[in-house]
Amino acid sequence: MHHSVSRILGAITLILVLTAPLRAEPALWKNEWPETNFDLTSINNWSEIMSGGPPKDGIPAIHDPKFKPAGSEARIKDKEPVITLELGNAPARAYPIRYLIWHEIVNDRVAGVPVAVTFCPLCNSGLSFDRRVDGRTLSFGVSGKLRHSDMVMYDRETQSWWQQAIGEAIVGDLTGEELRLLPSWMESWGQFKARNPDGLVMEQPNFRRNYGQNPYPGYDSLSKPFLYSGERPPHGIEPLARVVRVGPRAWPLARIRDAGALKEAGIRLSWQAGQASALDSANMARGRDVGTVRVRDAQGRDVPHDMMFAFAFHAFWPEGRWMLGR
């Protein structure tokens, strides 16, 4: 067994042992979450939610990050992944995964829009949301809870819990509310710079972290995800294989890569080499090349989508459509 994989499996086993008693009933969480309305929820089975290890805000979200011109950034290697957000007439912004893997949520404002740029390492899910709900602007933090191995976020205004992968409130006063998904995508830093020489990149946060290192080495080579007990994906697809999700449809990354480009369901999906996996090597820049996918509609506009692991798509879209080309 690869050394880094055996190490992460050992760490996961330890965390499982430490967090096993923290499953199930919300009564256990009411001291930690006294302002959360646990009587209002869309969760039918509380055992789906469990502690991921860190407490509330143990993974610190970033608020009002600072940015620098892309041309002045020297730390980030060309193949490292970033989440790109292009809104309105504002300069394109790059949110490096070297920071998001340690913070998971960035609360920002772009072109007058309050946004939350999010990354769940355990699902490889990178999504950007409009933070406005019913005329109120929310600010998001990391709850420390997981459901189907996906990050549960919370908003500081109502202490409601939100499922990152679907952008929906699942516990608390805002249960059932949905965040508007914005078109953002993961690409390499080199690809971002080449297209946006006048773009902006998020500055390194003022925390003591090993930025540029992947704290989950070998994770996307595992046969089973962390803290996940649901079904395996259908069609023989590996649980940690990447898929491109657009609405309730999922395209296997391998299929897009092999084709180079696909036109289906009213959209065009294209693949380009050059982006390292954030969840492979301990040094993020050295991760194997998983490439970059862009998703556009018939008019060439960017379409909101996610690049997530197959198990997470199946968990949150059990009736979803697998675009296998056969």
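Strands here are DSSP runs of E with at least two residues, as helices are runs of H or I with at least four, and both are numbered from the N terminus; two strands pair if DSSP finds at least two bridges between them. The model is predicted, so that local features need pLDDT of at least 70 and side-chain atom pairs count only at pLDDT 80 or more, while totals for chains, interfaces and linings use all residues. Residues are numbered from 1 along each chain as its sequence is written, and side-chain values use heavy atoms, with hydrogens and water left out.

A good place to enter the structure is strand 8. In the hairpin that strand 7 and strand 8 make, four residues lie between the strands, and Asn 124 takes a positive phi near 55°. Strand 7 covers residues 113-120, and its antiparallel pairing with strand 8 extends over six bridges; Ala 116, for example, has Phe 129 of strand 8 as its bridge partner. Strand 8 is also joined, by three bridges and again in the antiparallel sense, to strand 15, which comprises residues 180-182, and there Arg 180 is the bridge partner of Asp 130. Strand 8, residues 125-130, is mostly covered, six of its six residues being buried (under 20% relative accessible area with a 1.4 Å probe and protein chains only, where over 50% is exposed and values in between are partly exposed). The burial concerns both faces, with Ser 125, Leu 127 and Phe 129 on one side and Gly 126, Ser 128 and Asp 130 on the other.

Elsewhere, five strands form an open antiparallel sheet in the order 1-11-12-13-14. Strand 1 (49-51) and strand 14 (168-171) stand at its edges and have a single partner strand each, so one side of each is left without a neighbour in the sheet. From one strand to the next the twist averages 50°, where axes are lines fitted to C-alpha atoms, for helices over the stretch in contact, and angles between N-to-C directions run from 0 to 180 degrees. Strand 1 is held to strand 11, residues 140-147, by three antiparallel bridges, and Ser 51 stands opposite Lys 145 of strand 11.

A further open sheet has four strands in the order 23-18-19-24, and its pairing is mixed. Its edge strands, strand 23 (306-309) and strand 24 (321-322), each pair on one side only. Between strand 18 (residues 242-246) and strand 19 (residues 249-252) there are four antiparallel bridges, with Val 243 opposite Pro 252.

The structure also holds two cavities of 30 Å³ or more. On a 1 Å grid over the protein atoms alone, a cavity is a set of points where a 1.4 Å probe fits but cannot get out, and lining residues have an atom within 4 Å of a point; grid points are joined across faces, edges and corners, and the volume is the space filled by probe spheres set on the points. The largest cavity has a volume of about 80 Å³, and its lining includes Asn 124, Met 186, Arg 242 and Met 307. The second largest, of about 60 Å³, has Gly 126, Met 186, Asp 306 and Met 307 among its lining residues. Strand 16 (184-188) and strand 23 each supply at least two residues of that second lining, and the largest share, three residues, comes from strand 16.

Notes: On a 1 Å grid over the protein atoms alone, a cavity is a set of points where a 1.4 Å probe fits but cannot get out, and a pocket is an open set with protein on both sides within 12 Å along at least five of seven lines; lining residues have an atom within 4 Å of a point.
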